[in-house]
Amino acid sequence: MATQHSRSAARLMMAPAVILLLGWMLVPLTMTLFFSFKKYLPMRGGDLGWVGFDNYIRFVTSSAFWPSVTATLVIVLGVLFITVVFGVLLAILLDQPMWGQGIVRILVIAPFFVMPTVSALVWKNMFMDPVNGLFAHLWQAFGLTPVEWLSQASLGSIVMIVSWQWLPFATLILLTAIQSLDSEQLEAAEMDGAPALSRFGFITLPHLSRAITIVVLIQTIFLLSIFAEIFVTTQGSFGTRTLTYLIYQRVLESQNIGLGSAGGIYAVILANIMAVFLMRIVGKNLDA
Amino acid sequence: MGQIILEKVSKTFGDVEVIPPLDLTIEDGEFTVFVGPSGCGKSTLLRLIAGLEDMTSGTLKIDGVDATHVPPAKRGLAMVFQSYALYPHMSVRKNIAFPMRMAGVDKAEQDRRIEQAAAALNLTDYLERRPGQLSGGQRQRVAIGRAIVREPEAFLFDEPLSNLDAALRVGMRLEISELHKRLETTMIYVTHDQVEAMTMADKIVVLRAGFIEQVGSPLELYHKPRNSFVAGFIGSPKMNLIEGPEAAKHDAHSIGIRPEHIDVTDSGGQWQGKVAVAEHLGSDTFFHVHGTGLGETLTVRATGEVGYKHGDIIHLTPRADQIHRFDASGLRME
């Protein structure tokens with residue numbers, strides 16, 4: 001696409017896609033902004049006019065706001081930590097030559113194909129149920145009182161369920177990265193006198209830094225908006241109300257579109273703050 | 001000290017015997033080159049010495065001490081890899097410091113050795129750069145620097161120059177030779193390039209399919225190849241091997257004559273043929289001659305500029321004292 005002519009032709013042909021995507025993004029964002037400045041109660045009078053920043057003030061001064069931010073951060077950071085640490089370990093394990101490697105790899109990736117709603121229900125009913133769950137049976141086998149996972153350790157349970165879903169993704173990305181590591185580098189380090197743990201720390205981990213960055217960035221985007229797992233397990237109770245869930249409750253349970261929209265704008269801001277931080281902390285890995 | 005002795009060392013991968021039991025002694029301070037066509041087991045042999053592969057049987061002694069089951073790090077050997085195997089996320093300084101850091105050498109001593117190695121290898125200006133910012137030759141020197149600072153018993157080089165361009169290769173060849181003269185440490189060098197072997201080695205080990213075909217100094221191998229394989233492998237261009245009636249005249253199954261040992265004349269030669277290709281290099285001229293009745297092609301080297309061209313009929317005379325005779329199994333006959 002070197003000539004003036006071919007460049008403008010290219011622009012012309014790309015235009016429909018770009019306009020469609022831009023519209024897809026801008027229309028909901030503008031509507032959210034629009035509603036966030038209105039008092040809009042569908043069941044209780046509909047559009048009640050402009051209210052300025054009232055919704056924004058009400059949303060942050062509500063006693064549910066800060067706990068929801070904390071819950072969001074705990075879930076995101078917890079899942080990131082678990083998936084990255086176990087993802088690296090699993091990737092190293094799967095990189096070892098072994099019998100039935102292909103099948104094992106597919107099995108490891110499998111959880112990623114299970115829909116969030118389904119996996120959360122499976123966890124809730126088959127594992128975490130305090131009466132019939134597998135964990136309850138396991139605890140009883142050792143003579144212990146079964147834990148009521150979703151009420152006593154609600155946040156931890158959600159982190160566990162979501163980690164289970166995202167671990168395959170992290171493992172997959174990290175496995176491909178680990179496979180691209182030049183084995184001569186490891187051999188050189190071995191000759192240089194580095195024991196296995198040092199080889200991991202000095203060679204493998206730095207080699208994986210870029211892949212870890214990508215895992216962290218992509219997962220953060222998706223984890224900020226998890227919803228189904230909370231919806232089918234705790235319904236936002238026991239401290240598991242994330243920002244996303246709070247907005248849902250404001251819009252659908254309280255039927256307050258204006259307040260929910262203001263929350264949506266806060267969520268956008270929070271996501272951007274996280275994005276800036278992430279770019280600062282880990283983005284430099286992508287340049288190298 | 002860096003004497004390395006291999007006794008009955010063998011290696012099999014599954015059912016494939018890559019290296020049949022072999023014995024080899026590498027004396028302290030010697031520059032030994034393993035040379036052979038690709039797949040001859042020369043790299044495997046080096047990796048066995050390094051300890052990166054386990055031997056199937058046999059013993060390895062370094063300085064008289066059995067090192068067969070000693071892990072690679074404890075053998076006191078430093079290796080330079082074909083891909084250089086530099087650590088991409090570390091600066092040149094950290095790369096060179098790495099083996100000392102692992103060995104727990106104190107910081108001042110580390111810096112002293114790094115400065116010394118960098119000065120010797122012209123790397124002083126590049127110490128803070130990453131390997132990715134260096135050229136092929138500089139990376140090669142960093143890899144050598146990383147090996148030097150360990151002050152090893154012996155250096156192992158695994159085809160270190162094969163990723164460099166021709167001009168750099170000649171330069172690095174000289175640098176490695178100089179380094180050996182200066183350090184007087186044992187070096188084992190693997191290559192498939194017989195020119196590298198001839199120019200650098202004190203001792204060449206020619207390998208084929210895991211077997212040692214001949215061990216000797218470069219000129220021994222050149223003048224007295226033990227068999228027709230070594231005769232064909234050492235020397236450039238390749239030795240002409242002639243079978244049939246012409247060989248029978250010398251009571252041999254085949255005879256070998258190097259291109260540089262054939263004289264070219266306009267007339268009156270022992271053999272005659274038609275020039276198929278003439279390669280004029282200025283210092284030398286190579287002729288590939290067809291239709292001599294001795295075999296496919298005969299390669300001849302004439303010194304300086306000789307004006308024959310494609311299609312010319314030329315006369316060739318081998319120097320009688322430079323004819324190598326081989327029996328039916330390819331072995332040299334005296």
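# Asking why: strands, helices and contacts

Me: How many bridges join β15(B) to β16(B), and which way do they run?

Reply: There are six bridges between β15(B) and β16(B), and the two strands run antiparallel. Strands are DSSP runs of E with at least two residues, helices are runs of H or I with at least four, and both are numbered from the N terminus. Pairing requires at least two DSSP bridges between two strands, so β15(B) and β16(B) do count as a pair. Within them, Phe287(B) stands opposite Val300(B) in β16(B).

Me: Before we go on, what sort of model is this?

Reply: It is a predicted model, in which local features need pLDDT of at least 70 and side-chain atom pairs count only at pLDDT 80 or more, while totals for chains, interfaces and linings use all residues. Residues are numbered from 1 along each chain as its sequence is written, and chains are lettered from A and ligands numbered from 1 in the order in which they are written.

Me: What makes β13 and β16 of chain B edge strands?

Reply: Each of them pairs on one side only. They belong to an open, antiparallel sheet of five strands in the order β13-β17-β14-β15-β16. From one strand to the next, the twist averages 45 degrees. At one edge, β13(B) and β17(B) (residues 313-318) pair antiparallel over four bridges, with Leu316(B) in β17(B) as the bridge partner of Val264(B).

Me: Which residue in the hairpin of β14(B) and β15(B) takes a positive phi?

Reply: Gly282(B) does, with a phi near 90 degrees, and the hairpin has three residues between its strands. The strands themselves, β14(B) (271-280) and β15(B) (284-290), pair antiparallel over six bridges. One of the bridges sets Lys274(B) against His290(B) in β15(B).

Me: Why do β2 and β5 of chain B stand at the edges of their sheet?

Reply: Each has a single partner strand, so one side of each is left without a neighbour in the sheet. The sheet is open, with four antiparallel strands in the order β2-β1-β4-β5. Seven bridges link β1(B) (residues 4-13) to β2(B) in the antiparallel sense. Thr12(B), for instance, has Glu17(B) of β2(B) as its bridge partner.

Me: What is the phi of Lys8(B)?

Reply: It is positive, at about 50 degrees, although Lys8(B) is not a glycine. Most residues other than glycine have a negative phi, and most peptide bonds are trans. Lys8(B) lies in strand β1 of chain B. On the peptide side, a cis bond joins Ser236(B) and Pro237(B), with omega about -5 degrees. Pro237(B) is in the loop between α8 and β11 of chain B.

Me: What makes the length of α5(B) agree with the expected span?

Reply: The expected span is 1.5 Å times one less than the number of residues. For the 18 residues of α5(B) that should be 26 Å, and the end C-alpha atoms are 26 Å apart, so the two agree. After α5(B) comes Glu184(B), whose phi is positive, near 55 degrees.

Me: Why is the crossing of α8(A) and α10(A) given a hand, and which one is it?

Reply: A crossing is left-handed if the near helix is turned anticlockwise from the far one by less than a right angle, and right-handed if clockwise. The crossing of α8(A) and α10(A) is right-handed. Their axes come within 9 Å and cross at roughly 145 degrees (axes are lines fitted to C-alpha atoms, for helices over the stretch in contact, and angles run from 0 to 180 degrees between N-to-C directions). Among the residues that meet are Trp166(A) in α8(A) and Leu208(A) in α10(A).

Me: How many residues does each chain bring to the contact of chains A and B?

Reply: Chain B gives 15 residues and chain A gives 13, where contact needs C-beta atoms, placed from the backbone, to lie within 7 Å. On the side of chain B, α2(B) supplies the largest share, four residues. That side has 13 nonpolar, two polar and no charged residues (Ala, Val, Leu, Ile, Met, Phe, Trp, Tyr, Cys and Pro count as nonpolar, Asp, Glu, Lys and Arg as charged, and the others, Gly among them, as polar).

Me: Where are the bounds of the domains of chain B?

Reply: Domain 1 covers 4-230 and domain 2 covers 238-333, with bounds from an automatic or database domain assignment. Their C-alpha centres lie 37 Å apart. Six residues of domain 1 and eight of domain 2 make up their contact.

Note on methods:
Two residues are in contact if their C-beta atoms, placed from the backbone, lie within 7 Å.
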